[in-house]
Amino acid sequence: RGCSRSTRVLFHEYSIKAAILIQRWYRRYVAHLEMRRRYTWNIFQSIEYAGEQDQLQLSSFFSFMLDNFTHMNGNGPGNKYLISHLLDSVVDPLTEEVRQLKYEQIVVPESYCGPRLSFPLSVTDTNALLSAFKEEQTLHGKYVLQLLYETKKFLKQMPNIIYLSTSYAKEITICGDLHGRLDDLLLIFYKNGLPSAENPYIFNGDFVDRGKKSTEIIIILFAFLLLYPDHMHLNRGNHEDHIMNLRYGFTREVMQKYKTHGREMLQLLQDVFSLLPLATVIDNKVLIVHGGISDKIDLDFLSTVERHKMLLKYVLFHMVIICLIQVVDILWSDPKNQSGCSPNSFRGGGCYFGPDVTQALLQKHGLCLLIRSHECKQEGYELCHNGQVITIFSASNYYEEGSNRGAYVKLGPELVPRFFQYQVSRSTRKLTLHQRVCVAEGSALRALKEKLYAHRSDLMAAFQQYDIDNTGRISTSEWAQVVESVLRLDLPWRTLRPRLARLGADGNVEYESCFEDISPGEPIPPVTPNLAETLYRYRTDLEIIFNIIDKDHSGQISIEEFRQTWKLFSSHLGVAVNDQTIDDMARSIDFNKDGSIDFNEFLEAFRVVHKLVIKEQQQG
Amino acid sequence: MAPKKKEEPKPAPAPKPPEPEPPKEPEFNPAEVKLEFTAEQIEDFKDAFQLFDRTPTNEMKITYAQCGDLIRALGQNPTNAEVMHVLGKPKAEEMQVKMLDFEQFLPIHQHICKAKDRGTFEDFVEGLRVFDKEGNGTVMGAELRHVLATLGEKMKEDEVEQLMAGQEDANGCINYEAFVKHIMAG
């Protein structure tokens, strides 16, 4: 190169110095990214569990109504509708034969080019379904009804607990929650092969809700169930329930995709879900249930319960039946590290069970391993209780793109678990770690800001208690304390503060700035800000209640039903609303002036927008 | 008879002058560190410390392996050597096993915070300019990858990938001022 030796040595020294400097900075960059990734995960998890705590709120409302039923104005239709809607079993006057004939007579137009199923199903049918769904086609309602009907017939003869064995060479594959993520199911089939006699599968519940392809998932799972009844097994999850589906999106998805037959499908689905087995046992050694166990569980007793009567609505009405408690425990419990068994306050049902409870149950029944799902895990799976409990979760990117992997576990005759992980990548262009963290973080922070917005009055009242001189500012510690106590989310608030609120010149937090980014979307009906905030906060609960009232799933309820419901709900919440305000509100959202309210439109009015996101979109 | 003249033993080759020993760094003594953090800062550190605490019962402890990450997440950028020094030069197998609590963490973090010569934007740019052969504000991505993986406190291949992802243009060149801004912003 023509450099003298000393120049080269010098250059080399400079290179090393430069390299070390860059490496130092890089490692700092990575650590900071890791911190952001961690708190993003914490945010998603806390909000999810808090949402399930809201379920408690709803349940206490129902029991409030039950308590007050006799005292309420006999003319009031609202409460009567709710209770009767809830408690009536879906009585169908049709006999089995008539129903079967009815479905056969549904005409499928020539123009329909999707799969045409014929029963009993064959491999041709399942292949056709998989291809069709990959192409984003929809299965015609007729076939969905027939499939659901056949599945119901099949499940009726199944016991509560299914006993399997691994023959000499067969490995059984166990998958966890899918939550409507079709891509994950297809990825599992791609990596691990389709279900067959040589390739048995167990799907451990929560097939539906949250994701957008729940219908496709259950169609595929039920089809394989009918095709390979000895090699395909489905356990019930806590989301295989009508009330959960009303809240978490499956009901809405079915009604949107199947306008004509959706209602009947939902009725059938209620039955099908309630008939899913509760547990599977492999080689009398491995117990597989969706949620977990408790110190009350007894498998022999569980085998005898009438599982199709174990519905969440009875829990909501605090209709305590002993066997119902055990079933709720199976579907809702989570493991914890401390010993003992305590009520699962976050979920509103089931228990937290410790390693001693696991040990006791496994010993009682001569088992060696518990496999369960129900909780999202970063790596798709996690072991606890000294390896006696495996959590397996199969919906990757559950909270957001890049949030977690999915996994499945395989068990052979030696019963040594082998784990397989994967992650669906939505974009064709592979995102860098940095991009993935940014996307997930953005989503988590938006969800957190919405929480802040939904509790604005409570937060402001608490902030102002610290701000005696009315400066608009309080210390970081005070801010963090208020937010944690009002929102009841255990998060690193001080670390998050820079992303949520501004500091004033004196280094204190300008507390009102944490609401700046959010504003109401559509112009809302004329209500006071307080009422608007309450409506926003309880949007989901109201949606469930309206959906229950709207028995034929038309999306409409009468003004009278609306008034009564809102009156009840607000008196339960302790929100003072006078009759005139409710009347005005009801009339203003009766857009067609025909005496009925499209409650989906009403609820839409209480969505919020994130101003920063709009700004980015305008600039982008 | 005259004694046979013993052959003179060949003189032993002159011993190589010993490599000048690097000045022996005194062992890190946490008791000698004076904590100068404000109460607010300590609360901030505690907040972040809890984020890294992965003990099942939230005991406010982190592993030795996480210590460096936490210090860096809080805004410092020590070298790996500096981190190992303040940890008392633990063995590799101890890193995932030995724990420290928040009280033990503070003097370690304080020591790192006090160290001079943290490196500014200009230092960083200067460091990269070494590789700017044509003096036009760009460096060859390939050369930078090679250096980062083979010199100094070597990075692993996938770490280099993550760092460089999306930074090179069509010719494989990196505009290093933009690159530095990107790293410092993260």
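**Cores, a helix and its cysteines**

Visitor: Which residues does A:I174 touch, not counting residues up to four places away in sequence?
Guide: A:I174 touches A:I202, A:I282, A:I288, A:I371, A:I392, A:Y408, A:V409 and A:L411, leaving out residues up to four places away in sequence; contact means heavy atoms within 4.5 Å. This is a predicted model: local features need pLDDT of at least 70, side-chain atom pairs 80 or more, while totals for chains, interfaces and linings use all residues, and side-chain values use heavy atoms, without hydrogens and water. Residues count from 1 along each chain as its sequence is written, with chains lettered from A and ligands numbered from 1 in written order.

Visitor: How do you know that the buried residues of helix 17 of chain A are on the same side?
Guide: Buried means under 20% relative accessible area, exposed over 50%, partly exposed in between (1.4 Å probe, protein chains only). The buried ones are A:T476, A:W479, A:A480, A:V482, A:V483, A:V486 and A:L487. They cover an arc of only 165° around the axis, so they share one side of helix 17. The arc comes from the directions from helix axis to C-beta atoms.

Visitor: Why is A:C384 called buried?
Guide: Its relative accessibility is 15%, so A:C384 counts as buried. A:C113, at 64%, is exposed.

Visitor: What makes A:C384 unable to bond with the closest cysteine sulfur?
Guide: A disulfide needs two cysteine sulfur atoms within 2.5 Å. The closest one, in A:C341, is 14 Å from the sulfur of A:C384, so that's too far for a bond. Searching the whole structure gives 0 disulfides over all chains.

Terms used:
Helix = DSSP H or I, 4+ residues; strand = E, 2+ residues; numbered from the N terminus.
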